Amino acid sequence: MARLANSLSPTARRRTIDAALALVVLAITLVQLGSQSFGEKADVARGVDALGVALCLLMALPLLWRRRAPVAVLGIALATSVATVGLDYSVLEPVGPVIALATLADHPRRPDLVRVAIPTLAAFAAFVALAWVRFGPEPGDYLLTALLWSGGWLVIDRRRLTRQRGEREQRLAVAEERSRIARELHDSAGHAINSILIQAGAARTVLATQPQRALEAIASIETIARTTIDDLDGILGRLRREGAAALTPQPGVDRIPELVDRHRADGLDLRLVARVAGERPLPSAVDRAAYRIVQEALTNAARHGSGSADVTIERRDGELRLTVANPVLGRAATRAGGGHGIPGMRERAELLGGRFDAGRDGGRFRVRAALPCAEDGA
């Protein structure tokens with residue numbers, strides 16, 4: 001049966017489900033009608049006749065159109081329920097309204113709750129009043145009917161809310177991932193373009209007098225471009241589902257010496273102190289963030305500093321601590337990447353639960369970040 005259902009198209013599957021529900025409702029209604037409420041109303045209820053069967057069909061068959069006209073189907077189900085007890089048929093637990101209310105609760109164009117509740121409560125009140133008069137006080141029957149009707153709405157409405165919450169969380173996760181990828185692109189491309197500009201300017205300046213240095217600068221541009229292409233392939237590749245295993249790993253702390261060497265080739269006098277050894281590897285998110293923060297800070301130092309910088313990376317007390325300091329002249333600007341560098345670095349640190357600050361300290365501009373990571377031996 002399950003294999004048959006899976007082989008059907010979505011439209012055919014929905015129609016099959018609707019037909020099955022209509023048959024179930026018809027069967028339950030006919031059983032109540034024929035048994036005169038399972039024998040409890042044998043002395044007072046009306047027996048099976050053509051009108052009774054017609055009312056049972058009228059309660060069940062409109063469910064075939066419940067998805068296209070849920071409000072009309074609910075109206076028919078409620079009216080039929082009231083008419084059935086009003087004509088002395090002992091269908092005291094009508095299930096047609098249960099399916100109609102459940103359908104309306106999950107419908108994308110469902111009306112306001114008030115517009116559903118008022119006619120439903122009015123129909124229920126009429127149903128109870130007529131049943132009370134025709135068959136006597138049976139609070140248990142009417143309570144069961146109330147629970148069935150309200151449960152049809154509440155259960156499906158709760159499921160709808162749960163599904164919507166899951167969809168919102170999924171959209172938020174996608175948005176966060178895209179935002180993170182955008183930051184990766186900004187940091188990687190911004191750093192590469194800045195390095196290429198420096199090398200191109202150097203090549204243009206010495207082309208006539210020192211052609212060998214100009215060739216070295218051009219070779220450096222080529223290396224930077226190739227590295228950046230690989231980096232961007234790795235970043236953008238995460239947006240694709242196929243071939244994920246073959247993507248270039250994202251740069252981490254182990255590639256900071258390579259980053260420093262590139263800046264030294266650009267003419268920046270750099271001193272690097274790195275103490276990151278530990279029994280546990282760095283968390284991948286911390287590893288990537290540390291690289292990007294140092295990369296952006298060095299880009300800032302190259303553009304706005306005075307030609308030198310100190311980089312210190314330490315792992316202690318459960319944190320990876322980064323410091324990049326460079327001298328600045330006068331009122332030199334300290335923004336990188338069109339003003340997004342410092343906010344981007346701060347956002348990376350804070351998203352990981354870390355700390356970040358950046359600003360002038362005397363004649364130096366200092367960037368400090370502390371990213372939480374597992375304690376050694378923890």
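Okay, so right after helix α11 comes Gly353, and its phi is positive, near 80°. Keep in mind that what we're looking at is a predicted model.

Let's step back into α11 itself, residues 341–351. Which residues of that helix are buried? They're Gly341, Ile342, Gly344, Met345, Arg348 and Ala349. These buried residues sit on the same side of α11, because they cover an arc of only 165° around the axis.

Helix α9, residues 256–265, is worth putting next to that. Its buried residues are Ile256, Leu259, Val260, Arg262 and His263. Here the arc is only 160° around the axis, so they're on the same side of α9. And there's a glycine just after α9 too: Gly267, with a positive phi of about 105°.

While we're on α9, let me show you a salt bridge. Asp261 pairs with Arg264, and the closest N and O atoms are 3.4 Å apart. Why are those two about one helical turn from each other? Because they're three residues apart in helix α9. As a reminder, an α-helix has 3.6 residues a turn, so residues three or four places apart point the same way. Both ends of this bridge are partly exposed: Asp261 has a relative accessible area of 46%, and Arg264 has 40%.

That's one salt bridge out of 22 in the structure. Now for my favourite bit, the network. Which residues are linked in it? Arg275, Glu314, Arg316, Asp317, Glu319, Arg321 and Arg355, tied together by salt bridges.

Let me pull out a couple of pairs. Asp317 bridges to Arg321, with the closest N and O atoms 3.5 Å apart. Asp317 counts as exposed, at 54% relative accessibility, while Arg321 comes in as partly exposed, at 23%.

Then there's Arg355 with Glu319, whose side chains meet in a salt bridge at 2.5 Å, N to O. This pair links distant parts of the chain: Arg355 is in strand β4, residues 355–361, Glu319 is in strand β3, residues 319–327, and the two are 36 residues apart. So is Glu319 buried or exposed? It's buried, with a relative accessible area of 13%, and the cut-off for buried is under 20%. Its partner Arg355 counts as partly exposed, at 48% relative accessibility.

Okay, over to the surface. I've got two patches to point at. One is positive, and it's formed by Arg158, Arg165, Arg168 and Arg171. If you want to find it on the model, look for Arg171 in helix α7, residues 139–206. Arg171 is exposed, with a relative accessible area of 51%, and since the exposed class means over 50%, that value falls just inside it.

The other patch is nonpolar, about 560 Å². Which side chains make it? Leu30, Val48, Val53, Leu57, Leu61, Leu64 and Trp65. Leu30 is the one I'd click on to get there; you'll find it in helix α2, residues 10–35. At 34% relative accessibility, Leu30 counts as partly exposed. A residue needs over 30% to be in a patch, so Leu30 clears that bar.

That's what I have, so let's put the model up and take questions.

How values were computed
Residues are numbered from 1 along each chain as its sequence is written. This is a predicted model: local features need pLDDT of at least 70, side-chain atom pairs count only at pLDDT 80 or more; totals for chains, interfaces and linings use all residues. Side-chain values use heavy atoms; hydrogens and water are left out. Patches are made of residues with over 30% relative accessible area and no salt bridge: like charges are joined within 9 Å, nonpolar side chains (Val, Leu, Ile, Met, Phe, Trp, Tyr) within 5 Å. Accessible areas come from the Shrake-Rupley method with a 1.4 Å probe; for residues, only the protein chains shown count as cover. A salt bridge is a side-chain nitrogen of Lys or Arg within 4 Å of a carboxyl oxygen of Asp or Glu. Lys and Arg count as positive and Asp and Glu as negative; His and the chain ends are not counted. The place of a charge is taken as NZ of Lys, CZ of Arg, CG of Asp or CD of Glu. Helices (H or I, at least four residues) and strands (E, at least two) are DSSP runs, numbered from the N terminus. Buried means under 20% relative accessible area, exposed over 50%, partly exposed in between (1.4 Å probe, protein chains only). The arc is that of the directions from the helix axis to the C-beta atoms.
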